[in-house]
Amino acid sequence: EQRIADDPNGRIEQAVVGSGRARVFSDGIEREVTWQKDAAASPLGFFDADGSEVKLNAGPGWIVAVPSLDNLTVE
């Protein structure tokens, strides 16, 4: 990731193709998973440690991209 030049809000450019650590919160449970997106036009997937795709509940969802999970706190 890197800062977007001359952006007054200090936003960063994040990689959205590839894979990395993620957390999924569903039905009151937090799970450490891996996100994966093979190409810009590919769907975003979330996978358990055994490689099984994480099934998300039907209906609206909320996805947030953060530069690092190291600074994420959940209360």
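1. **Overall make-up.** The protein has five strands and zero helices. Read from the N terminus, the order of elements is β-β-β-β-β. Keep in mind that this is a predicted model.

2. **Dimensions and surface.** The C-alpha trace spans about 40 × 35 × 25 Å along its principal axes. The accessible surface is about 6200 Å². Carbon and sulfur atoms account for 51% of that surface. Of the 75 residues, 13% count as buried. Look at contacts between residues at least 6 apart in sequence: 21% of them join residues at least 24 apart.

3. **Annotated region.** An unreviewed UniProt entry carries the annotation "domain: DUF3048" for residues 3-63. Over that stretch the chain is 39% strand and 0% helix. The C-alpha atoms at its two ends lie 21 Å apart.

4. **The core.** Which residues form the largest nonpolar core? There are six: A22, V24, V33, W35, F46 and V54. Strands β3 (18-26) and β4 (29-37) each supply at least two of these core residues. Nonpolar side chains tend to be buried together in soluble globular proteins.

5. **A22 up close.** Start at A22 and leave out residues up to four places away in sequence. A22 then touches R31, E32, V33, W35, F46 and L69. Among these contacts, V33, W35 and F46 are also listed in the core.

6. **A nonpolar patch outside.** F25, L72 and V74 form a nonpolar patch on the surface. Together they have about 260 Å² of accessible area. L72 sits in the segment after β5 (45-47). Is L72 buried, exposed or partly exposed? Its relative accessibility is 32%, so L72 counts as partly exposed.

7. **Salt bridges around R23.** The whole structure holds five salt bridges. R23 pairs with E30, with the closest N and O atoms 3.3 Å apart. R23 also meets E32 in a salt bridge, at 3.2 Å from N to O. R23 is partly exposed at 23% relative accessibility. E30 is partly exposed too, at 40%, and E32 is partly exposed at 48%.

8. **A link across the sequence.** R31 forms a salt bridge with D48, and the closest N and O atoms are 3.4 Å apart. R31 lies in strand β4 and D48 in the segment after β5, so this pair ties together parts 17 residues apart in sequence. R31 is partly exposed at 33% relative accessibility, and D48 is partly exposed at 27%. Elsewhere, shared partners join the salt bridges of R23, E30 and E32 into one network.

Terms used. Residues numbered from 1 in each chain as written. Predicted model: local features only at pLDDT ≥ 70, side-chain atom pairs only at ≥ 80, totals over all residues. Heavy atoms only, no water. UniProt positions renumbered as here; feature names shortened; annotations may be inferred. Helix = DSSP H or I, 4+ residues; strand = E, 2+ residues; numbered from the N terminus. Core = buried A, V, L, I, M, F, W, Y, C linked by side-chain atoms within 4.5 Å. Buried < 20%, exposed > 50% of the residue type's maximum accessible area, 1.4 Å probe, protein only. Contact = heavy atoms within 4.5 Å. Patch = residues over 30% accessible without salt bridge, like charges linked within 9 Å, V, L, I, M, F, W, Y side chains within 5 Å. Areas by Shrake-Rupley, 256 points an atom, 1.4 Å probe, with all protein chains shown as cover. Salt bridge = Lys/Arg side-chain N within 4 Å of Asp/Glu carboxyl O.
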